[in-house]
Amino acid sequence: MSRSAVLAGLGAMVPERVVDNDEIARTIDTDDAWIRTRTGISRRHWVAPGTATGDLATVAGRRALESAGVDSVDLVILATSTPNQPMPATAPEVATRLGMAGVPGYDLSAACAGFVYGLHAAAGSIVAGLSERVLVIGADIWSTRLDPADRATAIIFGDGAGAAVLRAGTADEPGALVGFDLGSDGANRDLAVLPAGGSRQRSRREPLREEDNYLAMRGKEIFTHAVDRMAGSSEALMDSIGWSSEDVDWFVGHQANVRILHTVADVMNVPREQVVVHLDKVGNTSAASIPLALTDAAAEGRLAPGQRVLLTAFGGGLSWGSAALSWPDIKVAGIESP
Ligand code: COA
């Protein structure tokens, strides 16, 4: 049997502070009923002042290592668009805090598709024989980059981190990652953007505008692209590995809006009961969204060994990606705050 990357451990966390829709509605012109109906979100978790993405990533990474029963890996990939600072990367700090000083680590920036991109990079490294074990973390803190006056972003985003350990194994084992489909579209990069701090903005030498510090998202257009790309990518992957819609036991899509998830499932012909929905409790946690949803479903015992799981993510860039795996027999703890 051919060498393959196998899911060996999973862990995730959200910060302690819960922000419900009523709290959002105290500062923004919105209400609980609108947010629930239009997005499916009831609450999210936001960090306390002073907390950085690396702090969340370290907790999730530790939980994934514990779930896998290992204390080190050969490579750490941290998918994030909100690193501790623009330079240096946050992954080396996380690796060191996890007791792995000296292990290579890098940040990967693919917005809400970052975790699936990370799985792809990790699996490639394992299949090529360059690594035996890789820790992939998706972590983001968007709460500190939300425009207090923007109804589209303030209602959606939450903070969190999720992580997976992949190990070398074979394609017939439960847990094997059996295929990927990734894509990007730079022509639509302006649909979700945070301009401040990059080389383009810095080289203009103009005073920073307040709004450049915030995430700007054209919600309606992003919605349409998300549906098209997530459905297209899922179908391309299923075609390439010979899965039909009946082969999918669980569809775990990027958790931004329940209407997007249901529309994609309808296009794929996967029953809505087989869609993992976790956004009601945590909102859109960007690169952490898929590992958080997986961890929650696994900890609740909804994912059974051998079941076939399709992951699909979409985000700014535009970037999107899908991964297919069979579910492994692993122990996964819940996502409660540390
Ligand atoms: N509360 C109350 N009313 C709101 C509102 C809010 N938070 N946001 C918008 N509205 C109003 C609008 O003013 C508009 O009113 P009008 O019809 O009188 O003009 C109406 O609701 C519809 O606005 P629209 O922007 O079309 O809402 P929507 O249904 O597209 O929902 C999002 C907005 C942001 C929830 C939705 O577009 C979305 O989820 N987009 C995708 C986000 C995503 O996937 N992000 C991840 C990748 S970065």
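## Close-up views of a predicted model

**View 1. L318 sits in the loop between β12 and β13.** The peptide bond leading into L318 from G317 is cis, with omega near -15°. Helices (H or I, at least four residues) and strands (E, at least two) are DSSP runs, numbered from the N terminus. The structure is a predicted model, in which local features need pLDDT of at least 70, side-chain atom pairs count only at pLDDT 80 or more, and totals for chains, interfaces and linings use all residues. Residues are numbered from 1 along each chain as its sequence is written, and side-chain values use heavy atoms, without hydrogens or water.

**View 2. A second cis peptide bond joins M87 to P88.** Its omega is near 0°. P88 belongs to the loop that runs between β4 and α4 (91-97). Most residues other than glycine have a negative phi, and most peptide bonds are trans.

**View 3. A111 has a positive phi, near 50°.** A111 is a residue other than glycine. Its place is the loop between β5 and α5 (114-127).

**View 4. Five strands build an open, mixed sheet.** The order is β1-β7-β6-β4-β5. Strands β1 (3-13) and β5 (105-108) are the edges; each has a single partner strand, so one side of each lacks a neighbour in the sheet. Two strands pair if DSSP finds at least two bridges between them. Neighbouring strands are turned against each other by 20° on average, direction ignored. Axes are lines fitted to C-alpha atoms, for helices over the stretch in contact, and angles run from 0 to 180 degrees between N-to-C directions. At one edge, β1 pairs with β7 (residues 160-170) in the antiparallel sense, over 10 bridges. Within this pair, L7 faces L166 of β7.

**View 5. Helices α3 and α11 lie across the five-stranded sheet.** Helix α3 (residues 53-68) crosses β1, β4 (75-79), β6 (133-140) and β7. Contact means heavy atoms within 4.5 Å. The angle between α3 and β1 is about 125°. Helix α11 (residues 289-299) lies across β1 and β7, at about 85° to β1.

**View 6. Four strands form another open sheet with mixed pairing.** Their order is β8-β13-β12-β11. The edge strands, β8 (177-184) and β11 (250-253), each pair on one side only. From one strand to the next the twist averages 10°. An antiparallel pairing of 7 bridges links β8 to β13 (residues 319-326). Here G183 stands opposite W320 of β13. Helix α8 packs on this sheet and touches β8, β11, β12 (308-315) and β13. The direction of α8 makes about 145° with that of β12. Helix α11 packs here too, touching β11 and β12, at about 150° to β12.

**View 7. The ligand is surrounded by 19 residues.** The closest are T30, R38, R151, K220 and N257. A residue is near the ligand if one of its heavy atoms lies within 4 Å of it. A polar side-chain atom of T30 comes to 2.6 Å from a ligand nitrogen. R38 places a polar side-chain atom 2.8 Å from a ligand oxygen. For N257, a side-chain N or O atom is 2.8 Å from an oxygen atom of the ligand. A polar contact is a pair of N or O atoms within 3.5 Å; within protein, one must be able to donate a hydrogen and the other to accept it, and residues adjacent in sequence count only if both atoms are side-chain atoms. Taken alone, the ligand exposes 960 Å², and the protein buries 72% of that. Accessible areas come from the Shrake-Rupley method with a 1.4 Å probe; for residues, only the protein chains shown count as cover.

**View 8. Helices supply residues to the ligand shell.** The elements giving two or more residues are α2 (32-39), α6 (151-154), α8 (219-241) and α9 (258-268). The largest share, 4 residues, comes from α8. By type the shell holds 9 nonpolar, 5 polar and 5 charged residues. Ala, Val, Leu, Ile, Met, Phe, Trp, Tyr, Cys and Pro count as nonpolar, Asp, Glu, Lys and Arg as charged, and the others, Gly among them, as polar.

**View 9. The two ends of α2.** At its start, a side-chain oxygen of D31 reaches to within 3.2 Å of the backbone nitrogen of A33. After α2 comes G40, with a positive phi near 90°.
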